[in-house]
Amino acid sequence: MKTTNADWRYTVMPAVFTWLKESESGVLEIDFDATQKQAAAVLKTQGKDGTRMGGLVASGTLGENSYLSTEQRLSLLKSLSEVAQEYNVPLISGAVAETKEELAKIIEGLATVGVDTVMVMPPKTKAVPSDEEMYAYYELAEVTAKEAGVTIMPYNNPDAAGYHALSIDLLRRLATLPKVTALKISTIDVSIIETLILENKELKILAGVDTVTVYAGLAGACGGITGVGTIFPKASVTMQEYILKGEWTEAYKVSQALNPLSYLDAQPLLMEYLKFAMGIHHNDAAGGLRTLGKKLTQQQINDVRERYMLAKEKLELLDLID
């Protein structure tokens, strides 16, 4: 893969929400049409320089992944692979397991429904694995990915409860595996990114926390995966355009305008918060509150609404509302 600005890893990619509807019996089920339409709307949005998002991240944390059955998840990904193909971008989704053998089966399943790159989280175990155990877990994932015709992206999320951190030494080793296309670093500590890039300027790193997108770019990240950008795609794409051109002052202006809402990306209820904000943005607040996750309190609803309106007002001044 050529390492140019046409490379999808040099763009920002939306982590799209899974839209739900009530069945006749009152049970929440996936609204495939609404989910596809919203994903397509994000992918066709252009930044001020005319670029677009370069990938589609589906059925992740913001896509209610932990609440979906395997069958639901694969059906969702298969439907979103149609959108990814229409816009000629890779479909990206995550995988996590307790054992490397279980992980291999998940990767094989994701490959059958059109996933191109699998974000691989550390093993879901109570005990902290050694670096060698962790490496073996990712090594089998890489071998499986090669056989399945996909790539993998080790996902380091040390700030989130329940995720084992990947050490700098381990990240270095994983980056050399042939089917590792990039590393995803989701932390406010961008010194991790800077340290890795200083040692290997060819390394591809995607930032995963919206509040530090600009700082991560300054540290050497080539792109990012965004939640708030799914709500305000023109702003997110434009900010990435500024980052790639080294226009840091302009990039910071966009980041600061997004901040009231992007702040929620680092909170425990990020999916519930941002999905509701998405509902407000599309005049579908009730739909934004339909979730398999936690139900928001009225105080939380009011807070998200205020944050959304503040970000929207700031972005309107920058002419960055779709």
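Q: How far apart do the centres of the positive and negative side chains of the chain lie?
A: This is a predicted model, where local features need pLDDT of at least 70, side-chain atom pairs count only at pLDDT 80 or more, and totals for chains, interfaces and linings use all residues. Residues are numbered from 1 along each chain as its sequence is written, and side-chain values use heavy atoms, with hydrogens and water left out. Lys and Arg count as positive, Asp and Glu as negative, while His and the chain ends are not counted; each charge is placed at NZ of Lys, CZ of Arg, CG of Asp or CD of Glu. With 31 positive and 41 negative side chains, the chain has the two centres separated by 2 Å.

Q: Is Thr 18 buried or exposed?
A: Thr 18 sits in the loop between β1 (12-14) and β2 (20-22), strands being DSSP E runs of at least two residues, numbered from the N terminus. Buried means under 20% relative accessible area, exposed over 50%, partly exposed in between (1.4 Å probe, protein chains only). Thr 18 has 2% relative accessibility, so the verdict is buried.

Q: Which residue has its backbone oxygen 2.7 Å from a polar atom of the Thr 18 side chain?
A: Skipping neighbours within four places in sequence, Thr 18 has contacts (heavy atoms within 4.5 Å) that include Ile 30, Leu 76 and Lys 275. Leu 62, Gly 63 and Glu 64 are also among them. The backbone oxygen sitting 2.7 Å from that side chain's polar atom belongs to Gly 63.

Definitions and conventions. Helices (H or I, at least four residues) and strands (E, at least two) are DSSP runs, numbered from the N terminus. A polar contact is a pair of N or O atoms within 3.5 Å; within protein, one must be able to donate a hydrogen and the other to accept it, and residues adjacent in sequence count only if both atoms are side-chain atoms.
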